[in-house]
Amino acid sequence: MSLSHRSCTTYNDSSWALSRAQRLFHKCLHNHLNCRNSAPYPLGSAPLPARLIDCSDPVRPRIVQTSPGEKGNYIALSYVWGGPQPHSTCRANLTSYMHGIGSVGLPQTIRDAIHVTHALGFRFLWVDSLCIVQDWPEDLQRELGRMRHIYRHALLTIDAASAETVHDGFLHYWQAPLAQPDVHSKIPNLGTRSRAWCLQETLVSCRSLVFTTSTVYLDCRTAVQNAG
């Protein structure tokens, strides 16, 4: 597999890049036989995690609790925490978060992921710090034990490969080099990412939209294609 590329792009959250990423994503969903055959569930029938972020209003996202056995589509975020997460869901704020979180109070990486989810035309996003109640031991144990399946069943994983912490974000101005190297491996260059879970999340995902410091690309079971 090789990574196709443009000669130069200057803003990787431009409408052009996200529009191209959306086209590549839908092409994978509908035209890649290998990706369809390797998916654990048919489109729209994956079991949903216990909680998701509703990104219908990206300015005021909210936590939704799913019903047991409920099925559908969702996107997951793979990122590095890089320190304390004061925004995380706990028993004290769960009810208020179900009415609305307010994106201004969220770290930049999560805000960027909500923006991308909405821009791609999807409603639900899974983020561990918000979708797992962090001070509820039973919930932590149950949901952490399901994380491998959560990423495996996600329709797409947003991989914030360029963000060293949750506060950095991954939609930045950048100048791509004149040539991008071919990608010969399913394991991307994660740069400064040190959390082992990030690599696991990338490997088990059916497809990933990877945001690096120099480009954004879709990595699926069929191809690696540059979107920006």
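**View 1. Phenylalanine 25 is buried in this predicted model.** Its relative accessibility is 1%, so phenylalanine 25 counts as buried. Buried means under 20% relative accessible area, exposed means over 50%, and partly exposed lies in between (1.4 Å probe, protein chains only). Phenylalanine 122 has 16% relative accessibility and therefore also counts as buried. The structure holds 3 aromatic pairs. One of them joins phenylalanine 25 and phenylalanine 122. The centres of these two rings are 5.5 Å apart, the planes stand at 55°, and the pair is tilted. Rings of Phe, Tyr and Trp (its six-membered ring) pair if their centres lie within 6.5 Å; planes under 30 degrees apart count as stacked, over 60 as edge-to-face, and the rest as tilted. Phenylalanine 25 sits in helix 1 (residues 15–31). Phenylalanine 122 sits in the loop between helix 4 (108–119) and strand 7 (124–126). The pair links distant parts of the chain, 97 residues apart. Helices (H or I, at least four residues) and strands (E, at least two) are DSSP runs, numbered from the N terminus.

**View 2. Tryptophan 126 and tyrosine 151 form an edge-to-face pair.** Their ring centres are 5.7 Å apart and their planes meet at 85°, so the pair is edge-to-face. Tryptophan 126 belongs to strand 7, and tyrosine 151 to helix 7 (residues 147–153). The pair therefore ties together parts 25 residues apart in sequence. Are tryptophan 126 and tyrosine 151 buried or exposed? Both are buried.

**View 3. Strand 10 (residues 216–220) is mostly covered.** Of its 5 residues, 5 are buried. Val216, Leu218 and Cys220 point one way from strand 10. Tyr217 and Asp219 point the other way.

**View 4. Strand 10 pairs with strand 9 and with strand 11.** Two strands pair if DSSP finds at least two bridges between them. Strand 9 (residues 207–211) runs antiparallel to strand 10, and 5 bridges join them. Arginine 207 stands opposite cysteine 220. The two strands form a hairpin with 4 residues between them. Strand 11 (residues 224–226) is also antiparallel to strand 10, with 3 bridges. Here leucine 218 has glutamine 225 as its bridge partner. Strand 10 and strand 11 form a hairpin with 3 residues between them.

**View 5. Cysteine 55 and cysteine 131 are not bonded to each other.** A disulfide is a pair of cysteine sulfur atoms within 2.5 Å. The count is 0 disulfides. For cysteine 55, the nearest cysteine sulfur is that of cysteine 131, 9.1 Å away. That distance is too far for a bond. Cysteine 55 is buried, with a relative accessible area of 0%. Cysteine 131 has 1% relative accessibility, so it counts as buried.

**View 6. The protein chain has 8 helices and 11 strands.** Buried residues make up 52% of its 228 residues. Contact means heavy atoms within 4.5 Å. Among contacts between residues at least 6 apart in sequence, 77% join residues at least 24 apart. The chain exposes about 10,400 Å², and carbon and sulfur atoms supply 54% of it. Accessible areas come from the Shrake-Rupley method with a 1.4 Å probe; for residues, only the protein chains shown count as cover.

**Notes.** In this predicted model, local features need pLDDT of at least 70 and side-chain atom pairs count only at pLDDT 80 or more, while totals for chains, interfaces and linings use all residues. Residues are numbered from 1 along each chain as its sequence is written, and side-chain values use heavy atoms, with hydrogens and water left out.
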